[in-house]
Amino acid sequence: MNIASLILAAGKGTRMKSKLPKVLHKVGGKAMVERVLETVQSLGTNKDVVIVGFGGDEVQSYLDGRAEFVRQEEQNGTGHAVKMAEPVLGQFDGTILLLCGDTPLVTKESLEALLKEHSSSGAAATILTAHMPDPTGYGRIIRNEDGHVVRIVEQKDGNPEELAVQEVNTGMYAFDSKKLWPCLDQLSDDNAQGELYITDVVAILVNAGDKVSAYMTDNFEESLGVNSRLQLAEAESILKHRKNVELMTAGVTIIDPNSTYVAPEVTVGADTILHPGTILEGNTIIGENCEIGPHTRLTNVTIGNHSIIHFTYGHDCEIKDGVDVGPYVHLRPNTVLHNNVHIGNFVEVKNSNVGVGTKFPHLSYIGDSDVGAGVNIGCGTITVNYDGKIKHRTIIGDGAFVGCNSNLVAPVTIGNYSYVGAGSTITKNVPDKALAVGRSKQIVKENWVTEDTFKKK
Ligand code: UD1
Ligand code: CA
């Protein structure tokens, strides 16, 4: 099937009371419009067009070349928005899948079912509908005595009888491309909002003798349209619940699903335990038998098996097997922690490779470093990586032992199996197996305290 998607994303989203275009508000850590676009692309669409308007540059740069963009300078309604796409889709021969950028929860399965119904019924248009317990705010699907769809009535235009209908328009439709465009010239703005409604195409087709079909999804939650912050929170909560159910079904323990947020893209292996307050976002991959949390946020982090990460914020880094991290640790981009590394409390690691079995037990900053295997970094040690202009690397060989409270002034190399005395400021390379002490010698003045010392006080 030849399919082009058309996503409406030009509206300001007045009810959000935001300077950010509505469709860029995030759900599960991703902009709503991005979720919609990725879902349609997973269907294997031939072309994807996004209508942008309010905050158009922002939306376009966020989606950065992943679709074609068309401007709708004035937001005169959803019908007007679709019309803007005629120059790029007017010649397209196939099915046009129309969606709104503010329905981020729609699933690939429902869109597939919509397309299947559309092609098997041979309808000019097929609407994805849902039965909503509370249909307030949505367009209502009006059917005739035979049960055929005849038109859609918007909330603001409906009479009480129409508004009592609980079958709603999800704002997602499949159109026969050849039938769609001629209808748009017949739209009128003679309605409560003074706008051109795409929903009026239904009555136009039916009146012309064309067939309009509907596919009702059995999961009304996925058609939630986000128009307000309240609905944004609702969407987040539905997405969270959906993912938690998927993970628990696949063998992941979630101690408190209410406070555990795992983005749809994230994978978590079986027998891993997620403690309360865990947030897993972006391209995060967690292996089996790990323990994550409590109170841990990981964004784009890959973790192997049997690792324990608690009270930690980590982003854009990799953690291998049997590693334990936390509490109160910050793992910054380009950090790789190899097997059995131990990172204790109040440690920050940035842009560093940390070898097998190495330990940073407490209160350290290790940045721009290559640390070998079996290294012990004493409490309070820091890499002095920045000279005010550029960052330099610190290299620490296998088996090295760095005493507490040392400053390793980069660029510097600490050799294999060498020792650094506690409190040292190391500015020169330390050879393999050497001891380096870089601190002032202790002076002891015996009987320095006299009767006079006390009198002065
Ligand atoms: C729309 C439907 C309604 C449906 C609901 C589902 C119409 C007239 N109504 O109502 O039947 O139940 O979606 O969520 O279509 N947009 C533009 N340009 C515009 C106006 C809107 O691009 O000029 C975009 C918005 O950015 C948004 C989408 O179209 O992503 C829907 O617009 P919105 O104002 O949210 O429509 P609803 O009132 O929710
Ligand atoms: Ca909406």
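This passage describes the surroundings of ligand 1, the aromatic pairs and a few backbone features in a predicted model.

The ligand site is a good place to start. Ligand 1 sits in the largest pocket, where 25 residues surround it. Among these residues, Gly11, Gln72, Thr78, Glu154 and Asn169 come nearest to the ligand. Grouped by class, the shell around ligand 1 consists of 13 polar, 8 nonpolar and 4 charged residues. Three elements of secondary structure each supply at least two residues of this shell, namely strand S1 (3-9), helix H3 (78-83) and strand S10 (167-176). The largest share comes from S10, with 3 residues.

Several polar contacts link the ligand to these surroundings, and both backbone and side-chain atoms of the protein appear in them. On the backbone side, a polar atom of Asn169 is found 2.6 Å from an oxygen atom of ligand 1. A polar backbone atom of Gly11 likewise lies 2.8 Å from an oxygen atom of the ligand. Thr78 takes part through its side chain, with a polar atom 2.7 Å from a ligand oxygen. Ligand 1 on its own has 760 Å² of accessible area, and the protein covers 91% of that area.

Attention now turns to the aromatic residues. The whole structure contains 4 aromatic pairs. One of them is formed by Phe311 and Tyr328, whose ring centres are 5.5 Å apart and whose planes make an angle of 40°, so that the pair counts as tilted under a scheme in which angles under 30 degrees are stacked and those over 60 are edge-to-face. Phe311 belongs to the loop between strand S20 (308-309) and strand S21 (312-319), while Tyr328 belongs to the loop between strand S22 (324-325) and strand S23 (329-331); the pair therefore ties together parts that are 17 residues apart in sequence.

The backbone itself offers a few details worth a look on the model. The peptide bond from Gly293 to Pro294 is cis, and its omega is near 5°. Pro294 is located in the loop between strand S18 (291-292) and strand S19 (296-303). Another cis peptide bond connects Ala410 to Pro411, with omega at about 0°. Here the proline, Pro411, lies in the loop between strand S35 (407-409) and strand S36 (412-414). Finally, Lys17, a residue other than glycine, has a positive phi, near 50°. Lys17 is part of the loop between S1 and strand S2 (26-27), and S1 is also one of the elements that supply residues to the shell around ligand 1.

Notes. Residues are numbered from 1 along each chain as its sequence is written. Chains are lettered from A and ligands numbered from 1 in the order in which they are written. This is a predicted model: local features need pLDDT of at least 70, side-chain atom pairs count only at pLDDT 80 or more; totals for chains, interfaces and linings use all residues. Side-chain values use heavy atoms; hydrogens and water are left out. A residue is near a molecule or strand if one of its heavy atoms lies within 4 Å of it. A polar contact is a pair of N or O atoms within 3.5 Å; within protein, one must be able to donate a hydrogen and the other to accept it, and residues adjacent in sequence count only if both atoms are side-chain atoms. Accessible areas come from the Shrake-Rupley method with a 1.4 Å probe; for residues, only the protein chains shown count as cover. On a 1 Å grid over the protein atoms alone, a cavity is a set of points where a 1.4 Å probe fits but cannot get out, and a pocket is an open set with protein on both sides within 12 Å along at least five of seven lines; lining residues have an atom within 4 Å of a point. A molecule sits in a cavity or pocket if more than half of its atoms lie within 2 Å of its grid points. Helices (H or I, at least four residues) and strands (E, at least two) are DSSP runs, numbered from the N terminus. Ala, Val, Leu, Ile, Met, Phe, Trp, Tyr, Cys and Pro count as nonpolar, Asp, Glu, Lys and Arg as charged, and the others, Gly among them, as polar. Rings of Phe, Tyr and Trp (its six-membered ring) pair if their centres lie within 6.5 Å; planes under 30 degrees apart count as stacked, over 60 as edge-to-face and the rest as tilted.
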